[in-house]
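Trainee: I have a new structure to read. Can you take me through it?

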Amino acid sequence: MLYRFNQKSVTTVKDIISLKFKTMQSDGVVLHGEGQRGDYLTLELKKGKLSLEISLGDATLQAINGRSSVVLGSLLDDQHWHYVAIERNKKQVNFTVDADTQHFQANGEFDVLDIDYEVKTLS
């Protein structure tokens, strides 16, 4: 599935993404969006756990590694519905999988997430 925004690119300081999913696959990309400056957001199943990777750094500057990665959940490939929420306000990120929430500070040089107008999801 592909979501398209009205603009060619989206620059945000605050994001709220929530979804529900169920699968029998233990590995695969659930959601991915990236921009021209190296920023990206990826939600991926790895061995039945959900990994959120976000980069707020500028790939052309390489002054600070902007990549942050957090893993939550287990046995998420059990064919039951699971709730996921990603809330970001500048560098502060709350990542929730079912009833577990991880709060973390995203790495990177900037407070904004620059992504292109398409966000891809598994269908």
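Trainee: Which residue in β8 stands opposite Glu87?

Mentor: Start with the label: a strand such as β8 is a DSSP run (E, at least two residues; helices are H or I, at least four), numbered from the N terminus. Across from Glu87, within β8, stands Asn94.

Trainee: What should I know before reading further?

Mentor: Residues are numbered from 1 along each chain as its sequence is written, and side-chain values use heavy atoms, without hydrogens or water. This is a predicted model: local features need pLDDT of at least 70, side-chain atom pairs count only at pLDDT 80 or more, and totals for chains, interfaces and linings use all residues.

Trainee: What is the average pLDDT of the protein chain?

Mentor: pLDDT is the predictor's confidence in each residue, from 0 to 100. At least 70 is reached by 78% of the residues. The chain average is 81.

Trainee: Which element has the lowest mean pLDDT?

Mentor: At the top end, strand β8 (residues 92–97) has the highest mean, 95. Where pLDDT is low, predicted coordinates should not be read in detail. The lowest mean, 55, belongs to the strand of residues 2–12, β1.

Trainee: What is the strand order of the open sheet?

Mentor: Two strands pair if DSSP finds at least two bridges between them. This sheet has 4 strands with antiparallel pairing. Its edges are β2 and β9 (100–105), each pairing on one side only. The order is β2-β7-β8-β9.

Trainee: How many bridges join β7 to β8?

Mentor: The two strands run antiparallel. Their hairpin has 2 residues between the strands, and Lys90 takes a positive phi near 60 degrees there. The bridges joining β7 to β8 number 6.

Trainee: Which residue in β9 is the bridge partner of Val93?

Mentor: β8 and β9 are also antiparallel, over 6 bridges. Gln92 has Gln105 as its partner in β9. For Val93, the partner is Phe104.

Trainee: Which residue's side chain meets Asp15 in a salt bridge?

Mentor: A salt bridge needs a side-chain nitrogen of Lys or Arg within 4 Å of a carboxyl oxygen of Asp or Glu. The structure holds 1. Here the N to O distance is 2.7 Å, and the partner is Arg88.

Trainee: Why does that pair tie together distant parts of the sequence?

Mentor: Asp15 sits in β2 (residues 14–21) and Arg88 in β7 (residues 82–89). The pair therefore links parts whose separation in sequence, in residues, is 73.

Trainee: Are Asp15 and Arg88 buried or exposed?

Mentor: Buried means under 20% relative accessible area, exposed over 50%, and partly exposed in between, with a 1.4 Å probe and protein chains only. Both Asp15 and Arg88 are buried.
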